[in-house]
Amino acid sequence: MNGVASAKPRRIGLLGGSFDPIHNAHLQLAQSACSELALDAVWFIPAGQPWQRDPLAASPQQRWDMVNLAIAGRTGLRACDIELKRQGPSYTIDTVRELRAAHPDAAFTFILGADQLRNLPTWNGWEDIVAEVDLAAARRPGYDDKAPPQLVEALAASGHLLHRLSMPEIDLSATRIRRHLAQGESLAGLAPAAVAHYIDQHRLYTHS
Ligand SMILES: Nc1ncnc2c1ncn2[C@@H]1O[C@H](COP(=O)(O)OP(=O)(O)OP(=O)(O)O)[C@@H](O)[C@H]1O
Ligand SMILES: O=C(O)c1ccc[n+]([C@@H]2O[C@H](COP(=O)([O-])O)[C@@H](O)[C@H]2O)c1
């Protein structure tokens, strides 16, 4: 074929999280974003040092292992260790800039729940994030899913979009899972069986 075919950019969703541990709502969020936004893939990005949180219970290696177990065999889902390899606090702005530089052929959308959508204006360099990527947000029980006004303004100025995911609210959090485990309760239906098995083998989250 003659001429230059304009290759369509790969559409990649980025799902950052502490994943302490990864659970079924994370998977549902990724799969909803993938199908609703016609993404080619969603990359799970475990945070190395999530600077706004208390110290995590599982180690970076354990969170990485659990993410990989959870996504194994699921089409379009991948894990990305960019933040685990970086020193210092994990800033999303560094991640999106590095990924855009490394993958100029890709169009990235950062995926998040309503809690972090509300919180986004406290993130380091948040206006720069909005200038780099689209956002996709899911509702979450107990959180207003209205975007903060300064975020709406920044999105309008940047030309990037805030996609609203239509997945139903899921009342599940890693906090609830850690609490369940500390009380000796089962994870059935809350996290993939392989993750539950890993948690059991490594005796994670046995104390609240
Ligand atoms: N039930 C849920 N519905 C929608 N989004 C969710 C849900 N659980 C987590 N997320 C989103 O997934 C991303 C990663 O979340 P994270 O790893 O902190 O899990 P978490 O369940 O919120 O953890 P924790 O209870 O420890 O705060 C965040 O953007 C968060 O908003
Ligand atoms: O960049 C920041 O300053 C920043 C502040 C808070 C949260 N984030 C990112 O938001 C994602 C979800 O965080 P969390 O704490 O809900 O697991 C994860 O990728 C974090 O690195 C990013």
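Which exposed residues does the face of H4 turned away from its buried side carry? The legends below get there by way of the whole fold. This is a predicted model, in which local features need pLDDT of at least 70, side-chain atom pairs count only at pLDDT 80 or more, and totals for chains, interfaces and linings use all residues. Residues are numbered from 1 along each chain as its sequence is written, while chains are lettered from A and ligands numbered from 1 in the order in which they are written.

**View 1. The whole protein has nine helices and six strands.** Helices (H or I, at least four residues) and strands (E, at least two) are DSSP runs, numbered from the N terminus. The radius of gyration, taken over C-alpha atoms, is 17 Å, which agrees with the value near 17 Å for a compact globule of 208 residues. That globule rule is 2.2 Å times the number of residues to the power 0.38.

**View 2. Helix H4 (92-102) has a buried side and an exposed face.** Thr92, Thr95 and Val96 are buried (20 or more other C-beta atoms within 10 Å of the residue's own; exposed means 12 or fewer, with C-beta atoms placed from the backbone). They lie on the same side of H4 because they cover an arc of only 90° around the axis, the arc being that of the directions from the helix axis to the C-beta atoms. Here is the reply to the opening question: the face turned away carries Ala101 and Ala102. Among the elements covering the buried residues are S1, strand S4 (106-113) and helix H6 (126-132).

**View 3. Ligand 2 is surrounded by 15 residues.** A residue counts as near if its C-beta atom, placed from the backbone, lies within 6 Å. Gly16, Ser18, Thr92, Trp123 and Asn124 are the closest. Strand S1 (10-17) and H4 each give two or more residues to this shell. Its make-up is six nonpolar, eight polar and one charged (Ala, Val, Leu, Ile, Met, Phe, Trp, Tyr, Cys and Pro count as nonpolar, Asp, Glu, Lys and Arg as charged, and the others, Gly among them, as polar).

**View 4. Ligand 1 has 18 residues around it.** Gly17, Ala25, Gly113, Ala174 and Thr175 come nearest. H1 provides the largest share of the shell, three residues. The shell holds eight nonpolar, seven polar and three charged residues.

Terms used
Contact = placed C-beta atoms within 7 Å.
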